[in-house]
There are 2 protein chains.
Amino acid sequence: MRSTVDESPVSEEHKALVDQLCLRARAASLVLAQASTELKNTWLRNLAHALRAGQSGLVEANALDLVEARQLSSALKDRLTLTPARIEAMAKGLEQLAGLPDPVGRVREERALASGIQVQKVGVPLGVVLFIYESRPNVTVDAAGLCVKSGNAIILRGGKEAHASNRALVELCRSELARVGLPEDAVQQVPVTDRAVVGHLLAEGERIDVVVPRGGEDLVRRVAREARMPVLKHYTGNCHMYLDADADPAMAERLVVDSKCSRPGVCNALETLLVERAWATRHLGGLLRALKLKNVEVRGCPETAALGLAAGVQVVPANATDWDTEFLDLILAVKVVEGMDEAIAHIQRHTSGHTEAIVTGATERAEEFLRRVDSAAVMVNASTRLHDGGELGLGAEIGISTGRFHARGPCGLEELASYKYLVRGTGQTRA
Amino acid sequence: MRSTVDESPVSEEHKALVDQLCLRARAASLVLAQASTELKNTWLRNLAHALRAGQSGLVEANALDLVEARQLSSALKDRLTLTPARIEAMAKGLEQLAGLPDPVGRVREERALASGIQVQKVGVPLGVVLFIYESRPNVTVDAAGLCVKSGNAIILRGGKEAHASNRALVELCRSELARVGLPEDAVQQVPVTDRAVVGHLLAEGERIDVVVPRGGEDLVRRVAREARMPVLKHYTGNCHMYLDADADPAMAERLVVDSKCSRPGVCNALETLLVERAWATRHLGGLLRALKLKNVEVRGCPETAALGLAAGVQVVPANATDWDTEFLDLILAVKVVEGMDEAIAHIQRHTSGHTEAIVTGATERAEEFLRRVDSAAVMVNASTRLHDGGELGLGAEIGISTGRFHARGPCGLEELASYKYLVRGTGQTRA
């Protein structure tokens, strides 16, 4: 029997638990903020080694989760599974992180002023990061690596279905922290899988500096609604590509197919294709045939449907909601437009601000598109799938932000940092 | 008669009003985001001219506020008063803004990657800024100038007591916007002074990109509690100065007096002085005499009191709350400490994270203090009063942030900007 009265002791326990997590994270973060780059890198490399050495134990822990996951879809089970190859990929990722510059202590700007004071803007950690995510256990290690390298303590709240795998991974992180003399509590896992505990964590606006939710739109919306601290997030990736009058047909086909098909279930996959009318008349039929070969379902405007019919490709008539849908599947909405103005107007109305691309041979139109479209990443003659921390040269990322505050686009080490001003004087006053 | 039932029509009117303000601000911000630096600078210079030309009208509007303000304290009335000199200062401020670099379109970073793509991180405006502030009407023009120059639309909500002055200033801003062909709604004043409307504004988390509250702690706390959008803010400035064993006595006296006395009512004024024991024995008596000459009331620890007695200066015994108090007055808390560890421990416990300073002749201790103390600005041998956008070389500021997210310290044009990634390729794919 569960009633609101029954729940209050549980709630009190959760509060006490969250209180402990926050206290420990803050204490660890103060030590970690002062840790040398060398020590943090040693931890990253040792952890990579420990993952490889501990492979069989990790696969065993993962097996416990997989037994519980019998009733999940095979796609979800696949995401949940730890294999030797995936463990090796995690280890490699940590070694790459060790090679990236440390944002802590980095001089972002400096100036000597007429008054004689020297002003530096120097990177410092954000402090305590709460990371809320779903299934894939490899994300646990990525996020812990990013946070520790950037001097932040992390509180990990993974999906229930990966709890045993995550526990084993977090234990490795912690024992390796202790081994190099860094505080274990720099990496903590929320020890209970109860959903209610998340509400208590999100209320800790003064003790947690940022929350990063990664998962389905419902999860992210819940976090954004309840969080009393800043949220680094995107809800959806309703990404657009515009094929301009001057688009090279072969390049257009390659980019559309890569953007839609290389991994349809992710946020930077293409969802809506906008095609300039004259180009469409000449080349859209061929493009639709190429998409058919890749098993892509096209949901098109009436002009697209007519061109599809002529090319022998069946086009599903698009309804109004298709332009706002992140399909996350082999489905593409296609619309013929008059030109760039109509394309940009469509994008401004429907975009989630994640990634938009233009394919064109005309430099001035490319530059106009880059200037007028205001999304986290705007691309010319490149796949939307390149909007990713690794692909854009940032190294790893904890997520992609479509917010405008603090960080936009891929969030890597620099985006997990803040800064302070250091002022060196020789007795300067204001008066 | 007021009841909750009676209030709902008022609330509906406020909602409609806020809806209009937000719609107009967003429309204006989209145009403003594309405006050239030259056009924005022309507006700044024209507005400076219009302020000077419209001086008598502004003083008249201000007189209406001053009539209503009869019962206010003389300090508040002084802050409210517009004089020709203050109008000239506003005009000069705008001309300075015109000379500062535009954050919009600025290339923050760029890299060419092995894949052949060119990646740029380019400044864009935040979008719509809500500015909530108290009495001083000159702040109206500063904030409007900063926001328009950084490509943001601003919604101004000033104090009730300055409503007529602000209305006249905002009308000038808007007519000058229209005259150069920029959207008038880039600068809007909330037309009613009713407090309830603020709640509706703060609920607009999707349509207002940031709120900047500037005023007393109560105002800032209310905004932080209710805002559904990011808040750039500081609650208080409980600033510390630590006089180290090697502090030059003359420099220490000059810096303490400037930090405390040059303007005691502001956030970067000194509130607590920490003094190394050996230094205190030799020099604190003299320093206390200097403070007495400046009419500073000293609230001291027992050791300070004893040294004061020996020097013929009366010291009020400090109580526990004094260490957490932002006096905003000619009052200074003074404590003798064992050394830097105790000083930093005291700071970590009591600081509001605004400004801390050390006075020392020992470079290694200065550097240790800079490294270990984590406040928005940390200073060596300089007055805490230098923590200010102008003094640190940023130009004007809309406020000072003690938050760690997005911006810390003085918030000027750059801090009113976000960025987007521009990716220029030649057909690059992910797969």
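This dialogue goes through sheets, helices, the chain contact and some buried residues of a predicted model.

Trainee: Which strands form the sheet of 10 strands, and in what order?

Mentor: The general idea comes before the case. Strands of a sheet pair through backbone hydrogen bonds, and the pairing is either parallel or antiparallel. Here the order is S1(A)-S2(A)-S16(A)-S13(B)-S12(B)-S7(B)-S8(B)-S11(B)-S9(B)-S10(B), an open sheet with mixed pairing.

Trainee: Which are the edge strands of that sheet?

Mentor: They are strand S1 of chain A, residues 107-112, and strand S10 of chain B, residues 316-317, each of which pairs on one side only. At the chain A end, five bridges hold S1(A) and S2(A), residues 118-125, in the antiparallel sense. Within that pair, A:Glu110 has A:Gln120 of S2(A) as its bridge partner.

Trainee: Which helix of chain B packs on this sheet, touching S12?

Mentor: That is helix H13 of chain B, residues 340-350, which touches S7, S8 and S11 as well as strand S12 (355-359) of chain B. The direction of H13(B) makes about 140° with that of S11(B). Another helix to look at is H11 of chain B (residues 277-293), lying across S7 (239-243), S8 (270-276), S9 (297-300) and S11 (331-337) of chain B. The angle between H11(B) and S8(B) is about 145°.

Trainee: Now the sheet of four strands in chain A: is the pairing parallel or antiparallel?

Mentor: It is parallel, in an open sheet with the order S5-S4-S3-S6. At the edges stand S5 (187-189) and S6 (210-214) of chain A; each has a single partner strand, so one side of each is left without a neighbour in the sheet. From one strand to the next the twist averages 20°. Inside the sheet, S3 (residues 128-133) and S4 (residues 153-157) of chain A run parallel and are joined by five bridges. A:Val128 is opposite A:Ala153 of S4(A) in that pair.

Trainee: Which helices lie across strands of this sheet?

Mentor: Helix H7 of chain A (residues 163-180) lies across S4 and S5 of chain A, at about 155° to S5(A). Helix H9 of chain A (residues 217-226) lies across S3 and S6 of chain A, at about 165° to S6(A).

Trainee: How many residues does each chain bring to the contact?

Mentor: Chain B brings 53 residues and chain A brings 53 residues. On the chain B side, S16(B) gives the most, with 11 residues. By class, the residues of that side are 25 nonpolar, 15 polar and 13 charged. One link between the chains is strand pairing: S13 of chain A (residues 377-382) runs parallel to S16(B), with five bridges between them. A:Ala377 stands opposite B:Tyr421 in S16(B).

Trainee: Where is the kink in H11(A)?

Mentor: It is centred on A:His283 and amounts to about 60°. The end-to-end span can be checked as well: at 1.5 Å a residue, the 17 residues of H11(A), 277-293, should span 24 Å, and the end C-alpha atoms are 23 Å apart, which agrees. Buried residues of H11(A) include A:Trp279, A:His283 and A:Leu287. Among the elements that cover the buried residues of H11(A) are H10 (249-261), H12 (302-311) and S8 (270-276) of chain A. After the helix comes A:Asn295, with a positive phi near 65°.

Trainee: Which residues of S3(B) are on each side?

Mentor: In a regular strand the side chains alternate between the two faces of the sheet. In S3(B), one side has B:Val128, B:Leu130 and B:Ile132, the other has B:Val129, B:Phe131 and B:Tyr133, and all are buried. Six of the six residues of S3(B), 128-133, are buried, so the strand is largely enclosed by the rest of the structure. S3(B) runs parallel to S4 of chain B (residues 153-157), joined by five bridges, and B:Phe131 stands opposite B:Leu156 in S4(B).

Trainee: Is A:Glu276 buried or exposed?

Mentor: A:Glu276 counts as buried, because it has 25 C-beta neighbours inside 10 Å, and the cut-off is 20 or more. A:Glu276 lies in strand S8 of chain A. Beyond its neighbours within four places in sequence, A:Glu276 is in contact with A:Leu243, A:Asp244, A:Ala245, A:Val337 and A:Gly339. A:Ala247 is 29 residues from A:Glu276 in sequence and 9.4 Å from it in space, C-alpha to C-alpha.

How values were computed:
Residues numbered from 1 in each chain as written. Chains lettered and ligands numbered in written order. Predicted model: local features only at pLDDT ≥ 70, side-chain atom pairs only at ≥ 80, totals over all residues. Pairing = 2+ DSSP bridges. Helix = DSSP H or I, 4+ residues; strand = E, 2+ residues; numbered from the N terminus. Contact = placed C-beta atoms within 7 Å. Axes fitted to C-alpha atoms, helices over the stretch in contact; angles between N-to-C directions. Nonpolar A, V, L, I, M, F, W, Y, C, P; charged D, E, K, R; others polar. Expected span 1.5 Å × (residues − 1). Bend = angle between axes of the 7 residues up to and from the residue. Buried ≥ 20, exposed ≤ 12 C-beta atoms within 10 Å, placed from the backbone.
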